[in-house]
Amino acid sequence: MTPSPSDAATTNDNTGIASGSPGLIPDQVVFVVDFGAQYAQLIARRVRELNVYSEIVRADITAAEIERRAPAALILSGGPASVHVEGAPLLDPGIYDLGIPIFGICYGSQLIAEQLGGRVDRSGQGEYGRTTMTVEAEAGSSLLGPEPEVSQTVWMSHFDGITELPEGFIGCASTPNAPIAVLENDTARIWGVQYHPEVIHTPDGMNVLRRFLHELAGCEPSWTVGSFVDSAVEAIRAQIGDGRAICGLSGGVDSAVAAALVHAAIGHRLTCVYVDTGLMRMGESDQVVDTFQRHQGMELIHVRAGERFLDRLAEVTEPEAKRKTIGELFIRVFEEASGGIEDANFLVQGTLYPDVIESGTAQAAKIKSHHNVGGLPEDLEFELVEPLRNLFKDEVRQVGTKLGLPDEIVWRQPFPGPGLAVRIIGEVTAEKVAVLQQADAIVRHEIRLAGLEREIWQAFAVMADIRSVGVMGDERTYAHPVIIRAVTSEDAMTADWARLPYDLLEKMSNRIINEVDGVNRVVYDITSKPPGTIEWE
């Protein structure tokens, strides 16, 4: 966490390789080369699920950089371009000569064929979705296994197809519109598949990834949360030495786990600052203070600044203006609170790996700027400590559990840095905050009672800046509607609206209307991301 109101990211270098606190990257690394695929993050996560550490790197990474970093293997992702389009991303040809095991997926496999002397053509008809693949290797396949099923279901998303193999390669399978769905060259240690093994719609996909990583590339399945915690604690101690650090707690999972990890490394030499903006969910501030001050034994400065934030937000209605107003005041309040910690030279951030990726790489367009990306003052006098910079959200939750944080913190749903201010459409007032806190608490309570808390990525209430006519107790009402928003997701890059049971929606609606003054209508948002976003502002 930085002196800004959310857990976010800092910039990465020109290779696209995350460069967090020293010593947190294990010796054995698999690089996922990103050619602009929507699944690049998913590939990296699947590799880690197989207990091998992975990083996403840019497609323009050079052979010299690869040789210097010496990854255990390379996985070439899919991508939206055709290998024949002018300006299509290419792999530095020198990389093929390094002898590093390479596995191409979709565009990655076509690129292998095209660059090594094969041929890729537009077949006239693409394949999208589930497809039946026929395995043709009589003597078995090193990638698919010694006795693969002859007929397999795979998930396709391509228009071009490999029509001629490069010299030294064999084709092992085909589909109706992909004459070469699997290609192999055991001698060169290069393999490729036209389909997507990383998605759940390819039943044997994880087995294919496992064979490539563990058997063909020789990667040891040694990446675990336990090993990460041990190495992270050691690296933090080495970085901070005898110094002191401060951490701005936001109440979210990322900053909480980052604080717990640094506390495990340096103990009382960490001071946490919790700026209570008054825009948190109901009861959340008390829970944060209780968890870290009483149960975790951390030194915590609790700044109650709710009135200051509401005063500053008066008559502010535009979403970006709200974010800027809150962010600027947050920094000022943080500076005031931490000013007395004169010997602190380190600032702890809850930056996560998806934050780094989402903030833009060469092939992946910037979706949104996170608070820590370019958001820190240029004259920042702290050295940054980012122990979670190379982790995905599910890994962060595992680290939090390993460190003994309660489930109420570890499994807390993502929450926007500006808090409820961006879930109140229009001007933010104390009255609206109180109404939304009550409605939101009902939504989350009923989701928890229904046993859906860990299946739902986020579930919350939104207060719209409109009023509607209603009838309550035979009297006409003119009150605010509340929108319920619930989504499922793996990483928040994309999300689908949650298919909540009707009886659950009915219960939430009845409770909100009966228990929350000023609300006479409840609606449910069924918009996915894209085209919408998870938050309303």
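The following is a conversation about a predicted protein model.

Modeller: Residues are numbered from 1 along each chain as its sequence is written. This is a predicted model, where local features need pLDDT of at least 70, side-chain atom pairs count only at pLDDT 80 or more, totals for chains, interfaces and linings use all residues, and side-chain values use heavy atoms, with hydrogens and water left out.

Colleague: How many helices and strands does the protein have?

Modeller: Helices (H or I, at least four residues) and strands (E, at least two) are DSSP runs, numbered from the N terminus. By that rule the protein has 14 helices and 19 strands.

Colleague: What percentage of the 537 residues is buried?

Modeller: Buried means under 20% relative accessible area, exposed over 50%, and partly exposed in between, with a 1.4 Å probe and protein chains only. On that scale the buried share of the 537 residues is 58%.

Colleague: Which aromatic pair links the loop after strand 1 to helix 3?

Modeller: Rings of Phe, Tyr and Trp (its six-membered ring) pair if their centres lie within 6.5 Å; planes under 30 degrees apart count as stacked, over 60 as edge-to-face and the rest as tilted. The whole structure holds 7 aromatic pairs. One of them is tilted, at 5.4 Å centre to centre with 50° between the planes. Its partners sit 72 residues apart, one in the loop between strand 1 (30-34) and helix 1 (40-49), the other in helix 3 (residues 107-115): Phe-35 and Tyr-107.

Colleague: Are Phe-35 and Tyr-107 buried or exposed?

Modeller: Phe-35 has 3% relative accessibility. Tyr-107 has 1%. Helix 3, which holds Tyr-107, is mostly covered, with 7 of its 9 residues buried. Both Phe-35 and Tyr-107 count as buried.

Colleague: Which strands stand at the edges of the sheet with the order 12-11-10-13-14?

Modeller: This open sheet has 5 strands with parallel pairing; two strands pair if DSSP finds at least two bridges between them. An edge strand has a single partner strand, so one side of it is left without a neighbour in the sheet. That describes strand 12 (299-304) and strand 14 (383-385).

Colleague: What is the average twist of this sheet?

Modeller: Axes are lines fitted to C-alpha atoms, for helices over the stretch in contact, and angles run from 0 to 180 degrees between N-to-C directions. From one strand to the next, the twist averages 30°.

Colleague: Which residue of strand 12 is the bridge partner of Cys-272?

Modeller: Strand 11 (residues 270-276) and strand 12 run parallel, joined by 6 bridges. In strand 12, the partner of Cys-272 is Leu-300.

Colleague: Which strands does helix 5 touch?

Modeller: Contact means heavy atoms within 4.5 Å. Helix 5 (residues 225-240) packs on the sheet, and its direction makes about 170° with that of strand 14. It touches strand 10 (244-249), strand 13 (344-348) and strand 14.

Colleague: Why is strand 2 largely enclosed?

Modeller: In a regular strand the side chains alternate between the two faces of the sheet. Here Ser-54, Ile-56 and Arg-58 point one way, Glu-55 and Val-57 the other way, and all are buried. Strand 2 (residues 54-58) is largely enclosed by the rest of the structure because its buried residues number 5 of the 5.

Colleague: Which residue of strand 2 is the bridge partner of Asp-34?

Modeller: Strand 1 and strand 2 pair in the parallel sense over 5 bridges. In strand 2, the partner of Asp-34 is Arg-58.

Colleague: Which side chain makes a polar contact with that of Asp-525?

Modeller: Asp-525 lies in the segment after strand 19 (519-524) and is buried at 10% relative accessibility. A polar contact is a pair of N or O atoms within 3.5 Å; within protein, one must be able to donate a hydrogen and the other to accept it, and residues adjacent in sequence count only if both atoms are side-chain atoms. At 3.4 Å, the partner side chain is that of Arg-485.

Colleague: How far apart in space are Met-206 and Leu-50?

Modeller: Met-206 is in helix 4 (residues 205-216) and counts as partly exposed at 24% relative accessibility. Leaving aside neighbours within four places in sequence, its contacts are Arg-46, Glu-49, Leu-50 and Pro-197. Met-206 and Leu-50 are 156 residues apart in sequence; in space, C-alpha to C-alpha, the distance is 8.4 Å.
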